[in-house]
Protein chains: 2
Amino acid sequence: MTSLSPSDAAQEPSATQRAYLAIRRMILTGELAPGEKLKIENLRQILDMGGSPIREALTLLVSDLLVERLDQRGFRAAEISPQNFAEILKLRCQLEETALRESLGNANPAWEDKLVISHHRMMREPRENVERFEELHKTFHMTLIEACQSPVLLKFCSQLYDLNIRYRYLAGKALNYSSRDIGKEHTDIMNAAVDRDADKACRLLLDHYRNTGAFLEKHFVAEAAE
Amino acid sequence: MTSLSPSDAAQEPSATQRAYLAIRRMILTGELAPGEKLKIENLRQILDMGGSPIREALTLLVSDLLVERLDQRGFRAAEISPQNFAEILKLRCQLEETALRESLGNANPAWEDKLVISHHRMMREPRENVERFEELHKTFHMTLIEACQSPVLLKFCSQLYDLNIRYRYLAGKALNYSSRDIGKEHTDIMNAAVDRDADKACRLLLDHYRNTGAFLEKHFVAEAAE
DNA sequence: GATCTCAGGAAAATCGATATTATTTCCGAA
DNA sequence: TTCGGAAATAATATCGATTTTCCTGAGATC
């Protein structure tokens, strides 16, 4: 090991990684619309790099279910549908309940500290910084289940989280959760987790998801009727 | 639509697809050992194609959890471990139970026909044709849960199936199931499914998986002690 | 008038070469 | 002898160009 400057983890990310994160962000936020054709040439110009990293990034996104590959006709952003949304919500509830129970079973002080910190950071972040907030929000939810000792399960949960958040972005600014206190919901979940009260934590977590789900679904119906 | 020759689905697959299937097969069967470095140049020569399709295939396999990507040091076949094996078994049992119950709930005559056919084909295939048999075996198990109306869940189950079968191949020819009648187990599962008896079908299916799991685990322990 | 066929153009897939980045080897100094 | 470091080597990551494939629309045929 040679130079240990204060921020040594700050090594230049690969082009593939940059492309992956950029395209993923664009799909999640809706900047690239569902079903939209993703032309290599376009993305090349936007991201200013060769075709290979773009293709590789798109290939990665295919297995995240955010991009669909059409035989030899390139890629497109994955389609959305009420069925798909319902499916994701359902699977998420089932998998996260499992993960949360196991996580609480294996919980240790280091994990607890990490959870409290992630909660704190999320609560402090102004909701206006939407993307930054969503990042911290995901970190909080993933930390909750992180101690479950099952990397594959965590991977599935992470994927499902992203698929779900995409619908939240797409529902868009119209969203107003005025009738709910999201902050309190998170705090209650954290407290139940810290108390190692698995039943309560699961109940709160699933309500949290299902309420948001019902909210979004209502939004879709309203939109479809316009 | 133009020419509908008897075998019209026989269009030339893309290089990427060929590479994907070939490398996947080599990893599943153990031809490429766990942890082994996967050098682009080697694979290029074996598969006789350029580097791009190889990279793309490897990228696809990363998200199947069959290949690991190391920062900027290329790819290697995923490692194996008893923990990983146990995790896969556990997740598989949970997800397939869910899927099977929903599948039986949505079952219709067309699905039932398909199930019977897939069972028949599997039973007819000589066990000597290992790879062909395994293909039919997977088809049978996937058909069981296919009516569950949840593409994401099916994808997860398919991935977990492949991860599991890899361990079966690795345990290798040493396997002898003499104390069990695998054929009968499959037939019983199918019959319970045809009867729409979800409880029974799930019980039999999970026993089927867990028995095989216990068998393999025993094998690993024996191997580690050598 | 409708369908079919065949260019022409656009895009994707793939290749070969180059630039980057890790790893190994070898040499000199402590 | 051992440690460190610099050059040599090997492999990856990326690019630009070529080949292949698909899509479009104009003209011909039924």
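This is a short dialogue on reading three features of a predicted model: a DNA contact surface, a sheet and a buried residue.

Colleague: Let's start with the DNA. Which residues come nearest to DNA strand D?

Modeller: There are 20 residues around DNA strand D. The nearest are A:A15, A:T16, A:G50, A:R73 and B:R55.

Colleague: Which part of the strand faces the protein, sugar and phosphate or bases?

Modeller: Count the strand's atoms within 4 Å of the protein. Sugar or phosphate accounts for 88% of them, and bases for the rest.

Colleague: Where do I look for polar contacts to a phosphate oxygen of DNA strand D?

Modeller: Look for N or O atoms within 3.5 Å of each other. A:T16 uses a polar side-chain atom, 2.7 Å from a phosphate oxygen of the strand. B:R55 also places a polar side-chain atom by a phosphate oxygen, at 2.4 Å. For A:A15, the polar atom belongs to the backbone, and the distance is 2.5 Å.

Colleague: Which elements give two or more residues to that surface?

Modeller: Chain A gives α1 (15–29) and α3 (51–63). Chain B gives β1 (37–38) and β3 (74–77).

Colleague: How many residues of the surface are charged?

Modeller: Seven are charged, seven are polar and six are nonpolar.

Colleague: Now the sheet. What holds strands together in general?

Modeller: Backbone hydrogen bonds pair the strands of a sheet, in a parallel or an antiparallel way. Here, chain B has an open sheet of three strands, in the order β1-β3-β2, and the pairing is antiparallel.

Colleague: Which strands are the edges?

Modeller: In chain B, β1 and β2 (67–70) are the edge strands, each pairing on one side only. β1(B) is joined to β3(B) by two bridges. On this pair, B:K37 stands opposite B:R76 of β3(B).

Colleague: What packs on the sheet?

Modeller: Helix α3 (residues 51–63) of chain B does, and it touches β1, β2 and β3 of that chain. The helix direction is at about 110 degrees to that of β2(B).

Colleague: Last, A:E134. Is this residue buried or exposed?

Modeller: Compare its relative accessible area with the cut-off: buried means under 20%. A:E134 has 12%, so it is buried. The residue sits in helix α6 (residues 130–145) of chain A.

Colleague: What does A:E134 touch, leaving out residues up to four places away in sequence?

Modeller: It touches A:Y161, A:I165, A:R168 and A:Y169. Take A:I165: it is 31 residues from A:E134 in sequence, yet the C-alpha to C-alpha distance is 8.4 Å.

Conventions
Residues numbered from 1 in each chain as written. Chains lettered and ligands numbered in written order. Predicted model: local features only at pLDDT ≥ 70, side-chain atom pairs only at ≥ 80, totals over all residues. Heavy atoms only, no water. Near = heavy atom within 4 Å. Polar contact = N/O pair within 3.5 Å; in protein donor to acceptor, adjacent residues only side chain to side chain. Helix = DSSP H or I, 4+ residues; strand = E, 2+ residues; numbered from the N terminus. Nonpolar A, V, L, I, M, F, W, Y, C, P; charged D, E, K, R; others polar. Pairing = 2+ DSSP bridges. Contact = heavy atoms within 4.5 Å. Axes fitted to C-alpha atoms, helices over the stretch in contact; angles between N-to-C directions. Buried < 20%, exposed > 50% of the residue type's maximum accessible area, 1.4 Å probe, protein only.
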